[in-house]
Amino acid sequence: LVIVYDFGFNRRSGLSSSVNKLVITGHQKLSKEEIVAILGVQAGVPFEDYSLKVLEEKLEKHPRIKKASVTRRSKEQLLVSIVERGARFIVNSNDNLYEIDDDYNLVSVDDIRDTNLVVLSGEFQLGQSQQVSKKLKEFCGSVENLFEAYPGLKDRIAEVRLDEDGEITIYTQYPQRIRVNMGNKLESMQIRKLYASLAYFENQASSVKLLDLRGDDAVYH
């Protein structure tokens with residue numbers, strides 16, 4: 001992707017003498033206009049007047065950017081390489097939606113750009129700092145263990161909710177919308193029953209609204 005802006009500037013005449021180019025690579029969620037705005041490059045200022053280190057620091061302060069590199073190809077051309085933070089979960093808490101990455105850093109607040117992620121709902125402490133709370137981190141770990149044990153569940157689950165009393169509720173999206181009561185832990189036995197139950201409902205084309213896995217047997221309605 002090549003973005004061309006007329007940033008060239010002749011110091012003696014004060015007239016534009018060349019076309020400066022920003023070559024931006026690696027971005028997926030951020031737009032080219034957003035990256036240019038983060039850099040803060042201005043018309044009439046030659047690229048050679050900018051500190052590459054300062055430009056990199058500006059980029060890496062943005063929560064969506066994990067790593068950035070700015071190199072000078074020539075007086076008129078800068079190469080901007082971006083590595084974005086990939087979101088792992090959407091967190092629904094305190095009337096806000098957050099994206100968090102694999103390292104439990106906040107990627108965004110009320111600016112969801114990956115709508116295919118599993119939603120984790122509950123009352124969690126999330127502020128302006130990039131690190132999430134211990135409670136949320138432990139909950140994320142439990143859900144990740146669920147998906148590691150049965151990867152096929154990831155495409156079937158839309159939301160996992162942690163209530164104030166510690167009860168965990170799962171909402172599926174495939175083969176249909178089902179509310180699943182899991183109890184207060186995501187234990188291996190219940191996860192196995194969840195996987196088997198969804199497979200059964202899919203094979204039998206059953207119409208189910210509620211699945212309760214808190215007891216020894218699965219109860220559904």
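## Ser197 and Leu198 in helix 4

Ser197 sits in helix 4, and Leu198 belongs to helix 4 as well. (Helices are DSSP runs of H or I with at least four residues, strands are E runs of at least two, and both are numbered from the N terminus.) This is a predicted model, so local features need a pLDDT of at least 70 and side-chain atom pairs count only at 80 or more, while totals for chains, interfaces and linings take in all residues. Residues are numbered from 1 along each chain as its sequence is written, and side-chain values use heavy atoms, with hydrogens and water left out.

Buried or exposed: which is Ser197? Ser197 counts as buried, at 11% relative accessibility, and Leu198 is buried too, at 1%. (Buried is under 20% relative accessible area, exposed is over 50% and partly exposed is in between, with a 1.4 Å probe on protein chains only.) What do these two touch, leaving aside residues up to four places away in sequence? Ser197 is in contact with Leu211, Leu213 and Ala218, where contact means heavy atoms within 4.5 Å. Leu198 has another set of partners: Leu153, Arg156, Thr172, Pro175 and Ile178. The C-alpha atoms of Leu198 and Gln176 are 9.1 Å apart, with their positions 22 residues apart along the chain.

## Pro175 and its cis bond

Pro175 turns up in that list of Leu198 contacts, and it's worth a look in its own right. Its place is the loop between strand 10 and strand 11 (179–183). The peptide bond joining Tyr174 and Pro175 is cis, with omega at about 5°.

Pro175 is partly exposed, because its relative accessible area is 27%. Outside its neighbours within four places in sequence, Pro175 is in contact with Leu198 and Glu202. Pro175 and Glu202 are 27 residues apart along the chain, yet 5.8 Å separates their C-alpha atoms.

## Two positive phi values

If you scan the backbone torsions, stop at the loop between strand 5 and strand 6, which holds Asn94 and Asp95. Neither is a glycine, but phi is positive in both: near 55° for Asn94 and near 65° for Asp95. Asn94 is partly exposed, with a relative accessible area of 38%. Asp95 reaches 81%, so it counts as exposed.

## Helix 3

Helix 3 runs over residues 134–149. With 16 residues at 1.5 Å each, helix 3 should span 22 Å, and its end C-alpha atoms are 23 Å apart, so the two values agree. (The expected span is 1.5 Å times one less than the number of residues.)

Which residues of helix 3 are buried? They are Leu136, Phe139, Cys140, Gly141, Val143, Glu144, Leu146 and Phe147. An α-helix has 3.6 residues a turn, so residues three or four places apart point the same way. The cover over the buried residues of helix 3 includes helix 4 (188–204), plus strand 5 (87–93), strand 6 (96–101), strand 8 (119–121), strand 9 (157–162) and strand 10 (168–172).

## The largest pocket

Helix 3 is also the top contributor to the lining of the largest pocket, giving 6 residues. (A pocket is an open set of points on a 1 Å grid over the protein atoms alone, with protein on both sides within 12 Å along at least five of seven lines; lining residues have an atom within 4 Å of a point.) The space in the largest pocket comes to about 170 Å³.

The lining is made up of Lys135, Glu138, Phe139, Ser142, Asn145, Leu146, Leu162, Ile168, Asn184, Lys185, Leu186 and Ile191. By class, the lining has 6 nonpolar, 3 polar and 3 charged residues. Phe139 and Leu146 appear both in this lining and among the buried residues of helix 3.

## The chain as a whole, and how far to trust it

The chain has 221 residues, 42% of them buried, and its secondary structure comes to 4 helices and 13 strands. Among contacts with a separation of 6 or more, 45% join residues at least 24 positions apart.

Mean pLDDT (the predictor's confidence in each residue, from 0 to 100) is 87 for the chain, and 89% of the residues reach 70 or more. Strand 9 has the highest confidence at 98, and strand 1 (residues 2–5) the lowest, at a mean of 47. Over residues 1–17 pLDDT is below 50, and this stretch has 41 contacts in the model beyond near neighbours in sequence. Where pLDDT is low, the predicted coordinates should not be read in detail.

How values were computed: On a 1 Å grid over the protein atoms alone, a cavity is a set of points where a 1.4 Å probe fits but cannot get out, and a pocket is an open set with protein on both sides within 12 Å along at least five of seven lines; lining residues have an atom within 4 Å of a point. Grid points are joined across faces, edges and corners, and a volume is the space filled by probe spheres set on the points. Ala, Val, Leu, Ile, Met, Phe, Trp, Tyr, Cys and Pro count as nonpolar, Asp, Glu, Lys and Arg as charged, and the others, Gly among them, as polar.
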